[in-house]
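The report below introduces a protein chain to someone who has not met it before. It goes through single residues, the overall build and the charged side chains in turn.

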Amino acid sequence: MPSIFDLQLVRIERALGNEALSIEHAGSTSVPGLAAKPIIDILATVADITAEEDYLNPLLKAGYELRDEPADRELYARTKRELLTHDWTDMNAYAAAKTEVIEGMLSRAGAALFRATT
């Protein structure tokens, strides 16, 4: 029986075609036997994340949905504006500086999805 990730992998590959450079199963559900929430995390890498027109509509047509959370959008925008005031010599440090905000947003999205499905 295919795993949930395997099914989503095929769905994303069909939607994005060559736009997807890689599609990875990430997070705790990617580790067999590790306690995890019942939601999988998938990282799809594209050549140019700013070229939303290349990947967003195909994903929406495949049935994926954007969360419409103005408070999270504003929090993320505010965080990015603040982080732009720093001189980042290492992009990993920049990414790590956003981690807490992103994890909070993902947690809230997961909780909302869980509530919607129970």
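## A guided look at the chain

In this predicted model, glutamate 52 is found in helix α2, which covers residues 52-61. Its relative accessible area is 44%, and because partly exposed residues fall between the limits of 20% and 50%, glutamate 52 is classed as partly exposed. Glutamate 52 also belongs to a negative surface patch, whose other members are Glu19, Asp48, Glu53 and Asp54.

### Overall build and confidence

The protein chain contains four helices and two strands, and read from the N terminus these elements follow the order α-β-β-α-α-α. Taken along the principal axes, the C-alpha atoms fill a box of roughly 50 × 35 × 30 Å. The chain has 118 residues, of which 19% count as buried.

As for confidence, the mean pLDDT of the chain is 88, and 98% of the residues reach 70 or more. The highest confidence belongs to helix α1 (residues 4-16), with a mean of 95, whereas the lowest belongs to helix α4 (residues 91-117), with a mean of 83.

### Charged side chains that pair

Side chains of opposite charge can pair when their charged atoms come close. How many salt bridges does the structure hold? There are six salt bridges in the structure, and the table sets out three of them with the separation of their N and O atoms.

| Salt bridge | N to O distance |
|---|---|
| Arginine 67 and aspartate 72 | 3.6 Å |
| Aspartate 72 and arginine 108 | 2.6 Å |
| Arginine 78 and glutamate 74 | 3.8 Å |

Aspartate 72 appears in two of these rows, with arginine 67 as one partner and arginine 108 as another. The pair of aspartate 72 and arginine 108 links distant parts of the chain, since the aspartate sits in helix α3 and the arginine in helix α4, 36 residues apart. Is aspartate 72 buried or exposed? With a relative accessible area of 8%, aspartate 72 is buried, while arginine 67, at 36% relative accessibility, counts as partly exposed, and arginine 108, at 37%, is partly exposed as well. Seen together, Arg67, Asp72 and Arg108 are linked with Glu69 in a network of salt bridges.

The pairing of arginine 78 with glutamate 74 is set within a single helix: both residues lie in helix α3, four residues apart, which is about one turn of the helix. Arginine 78 is partly exposed, with a relative accessible area of 44%, and glutamate 74 is likewise partly exposed, with a value of 38%.

### One more residue of helix α3

Helix α3 spans residues 70-83 and includes alanine 77. At 25% relative accessibility, alanine 77 counts as partly exposed, because the buried class is kept for residues under 20%. How far apart are the C-alpha atoms of alanine 77 and methionine 105? Although their positions lie 28 residues apart along the chain, the two C-alpha atoms are separated by 12 Å.

Terms used
Residues numbered from 1 in each chain as written. Predicted model: local features only at pLDDT ≥ 70, side-chain atom pairs only at ≥ 80, totals over all residues. Heavy atoms only, no water. Patch = residues over 30% accessible without salt bridge, like charges linked within 9 Å, V, L, I, M, F, W, Y side chains within 5 Å. Areas by Shrake-Rupley, 256 points an atom, 1.4 Å probe, with all protein chains shown as cover. Salt bridge = Lys/Arg side-chain N within 4 Å of Asp/Glu carboxyl O. Lys, Arg positive; Asp, Glu negative; His and termini not counted. Charge placed at Lys NZ, Arg CZ, Asp CG, Glu CD. Buried < 20%, exposed > 50% of the residue type's maximum accessible area, 1.4 Å probe, protein only. pLDDT = per-residue confidence, 0-100.
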